[in-house]
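Reader: Before we discuss individual labels, could you show me the model, so that each term can be set against the value behind it?

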Amino acid sequence: MPDTDLSILNRVYEIILDRKQNYDERSYVCKLLNHRKGMNKILEKVGEESVETILAVRNENHEEIVSESSDLIFHLLVMLAANNVTLDEIAAELSARHESMKRD
Ligand SMILES: N=c1c2ncn([C@@H]3O[C@H](COP(=O)(O)OP(=O)(O)OP(=O)(O)O)[C@@H](O)[C@H]3O)c2ncn1[C@@H]1O[C@H](COP(=O)(O)O)[C@@H](O)[C@H]1O
């Protein structure tokens, strides 16, 4: 059964971590993680996908916004994993902010 809720973020993040450990020449993630430009290649992709997301919003194209945002989030997951930042850390940060900013 495919994940259709946000648990897919953890699932994809775990695959990315696995790709860090086990090189596979067919893998796009391995290609990114081992690119000759190093971290700059991953940052380039995050920047590129951010711009494409902005353009999708400007075009007011719902499908495009979903697709480009998914590209952006995926590349952000690669960037986080490449920098040893876990999704638990992000969750803890957002949760702490949520607690401290509660108004009622
Ligand atoms: N979610 C994704 C995902 N989203 C987008 N992409 C790839 O991201 C790439 C970049 O998209 P672009 O449109 O920018 O393509 P491009 O111009 O060829 O990119 P570059 O030449 O600049 O690298 C494409 O090749 C897409 O296939 C993804 N590749 C992988 N995943 C997930 O990562 C997992 C591991 O993937 P592999 O490592 O390839 O097995 C997969 O099972 C998926 O869950």
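Author: This is a predicted model, and a suitable place to begin is Glu60, which counts as exposed because its relative accessibility is 72%, where the label requires over 50%.

Reader: Where does Glu60 lie, and what is notable about its phi?

Author: Glu60 lies in the loop between H3 and H4, and its phi is near 50°, a positive value in a residue other than glycine. Most residues other than glycine have a negative phi.

Reader: Why is Asn84 called buried, partly exposed or exposed?

Author: Asn84 has a relative accessibility of 57%, and the cut-off for exposed is over 50%, so Asn84 counts as exposed. Asn84 lies in the loop between H4 and H5, and its phi, although Asn84 is not a glycine, is positive at about 60°.

Reader: Turning to the ligand, what makes the approach of the Ser27 side chain a polar contact?

Author: An N or O atom in the side chain of Ser27 is 2.4 Å from an oxygen atom of the ligand, and because a polar contact is a pair of N or O atoms within 3.5 Å, the pair qualifies. A polar side-chain atom of Lys45 lies 2.5 Å from a ligand oxygen atom, and for the side chain of Glu49 the corresponding distance from an N or O atom to an oxygen atom of the ligand is 3.3 Å, so these pairs also fall within the 3.5 Å limit.

Reader: How much of the ligand does the protein cover, and which helix gives the most to the shell around it?

Author: On its own the ligand has 840 Å² of accessible area, of which the protein covers 54%. Helices H1 (7-21), H2 (28-33), H3 (39-58) and H4 (62-82) each give two or more residues to the shell, and H3 gives the most, with four residues. In total 13 residues surround the ligand, the closest being Arg19, Ser27, Tyr28, Val29 and Lys45, and by class the shell has five nonpolar, two polar and six charged residues.

Reader: What classes of residue make up the lining of the largest pocket?

Author: That lining has nine nonpolar residues, one polar and no charged ones. Among the lining residues are Leu9, Asn10, Ile73 and Leu94, and Asn10 is the polar one because Asn is in neither the nonpolar nor the charged list. The pocket holds about 200 Å³ of space, and H1, H4 and helix H5 (87-101) each supply at least two residues of its lining.

Note on methods
Residues numbered from 1 in each chain as written. Predicted model: local features only at pLDDT ≥ 70, side-chain atom pairs only at ≥ 80, totals over all residues. Heavy atoms only, no water. Near = heavy atom within 4 Å. Polar contact = N/O pair within 3.5 Å; in protein donor to acceptor, adjacent residues only side chain to side chain. Areas by Shrake-Rupley, 256 points an atom, 1.4 Å probe, with all protein chains shown as cover. 1 Å grid on protein atoms, 1.4 Å probe; cavity = no way out; pocket = protein on both sides within 12 Å on 5 of 7 lines; lining within 4 Å. Points joined across faces, edges and corners; volume = space filled by probe spheres on them. Buried < 20%, exposed > 50% of the residue type's maximum accessible area, 1.4 Å probe, protein only.
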